[in-house]
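Colleague: Please take a close look at one part of this model, the nonpolar core. Which residues and elements build it, and how far can the rest of the chain be relied on?

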Amino acid sequence: MNKVILMGRLTRDPEIRYSQGEQSTAVARYTLAVDRRFTRNNGGDQQTADFISCVAFGRSAEFAEKYLRKGIKIAVTGRIQTGSYTNRDGQKVYTTDVIIDDQEFAESKSASPASDHNYGGGGFAPADRPSPSAAGDGFMNIPDGIDEELPFN
């Protein structure tokens, strides 16, 4: 089985290209910075990141082009694909990419460090509904008047 699940932040805006031919397909490339925790010999807890190359095709690539920006935290699932090519200097270069099957936001738009950008998608909640907020105890406050919409009593 070849299945990858990652959560991290985009290191830059996705690079979008379209394939040639009659049935052109969108191809998005981006890099995720995925946190890795490790302990050094001196006992200090230090954080570093792995930078994972990701490729999305078709609708997933169009989604990336429209909504994903540098700094956004996303969760992705996909598969690892390896390959190689010969560069201009005649050296063989090996590649490892995650081919994206699914991608989704891993935090709210307002919590993102890139939240000052306009992504063209508007807010996540309808404008006439107050958005939920977190109380001091870490639990979410449910706004008044939303009880009828909840799927349980």
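**The nonpolar core**

Modeller: The protein exposes about 11,200 Å², and carbon and sulfur atoms supply 47% of that area. This is a predicted model, with an average pLDDT of 81 and 67% of the residues scoring at least 70. Of the 153 residues in the protein, 24% are buried. In soluble globular proteins, nonpolar side chains tend to be buried together.

Here the largest nonpolar core holds 18 residues, and those with the most contacts inside it are Leu6, Tyr30, Leu32, Ile74, Val76 and Ile100. At least two residues of this core come from each of strand S1 (4–10), strand S3 (26–39), strand S4 (45–57), helix H1 (59–67), strand S5 (73–86) and strand S6 (92–105). The most is given by S3, with five residues.

Leu32 shows what one core residue reaches. Leaving out residues up to four places away in sequence, Leu32 touches Leu6, Gly8, Arg9, Leu10 and Thr11, then Asp50, Phe51, Ile52 and Cys54, and also Ile74 and Val76.

As for the setting, the protein has one helix and eight strands, in the order β-β-β-β-α-β-β-β-β from the N terminus. Among contacts in the protein with a separation of 6 or more, 54% are between residues 24 or more positions apart.

One stretch calls for caution. Over residues 117–130 the pLDDT stays under 50, and the model has 15 contacts beyond four places in sequence for them.

Key
Residues numbered from 1 in each chain as written. Predicted model: local features only at pLDDT ≥ 70, side-chain atom pairs only at ≥ 80, totals over all residues. Heavy atoms only, no water. Core = buried A, V, L, I, M, F, W, Y, C linked by side-chain atoms within 4.5 Å. Buried < 20%, exposed > 50% of the residue type's maximum accessible area, 1.4 Å probe, protein only. Helix = DSSP H or I, 4+ residues; strand = E, 2+ residues; numbered from the N terminus. Contact = heavy atoms within 4.5 Å. pLDDT = per-residue confidence, 0-100. Areas by Shrake-Rupley, 256 points an atom, 1.4 Å probe, with all protein chains shown as cover.
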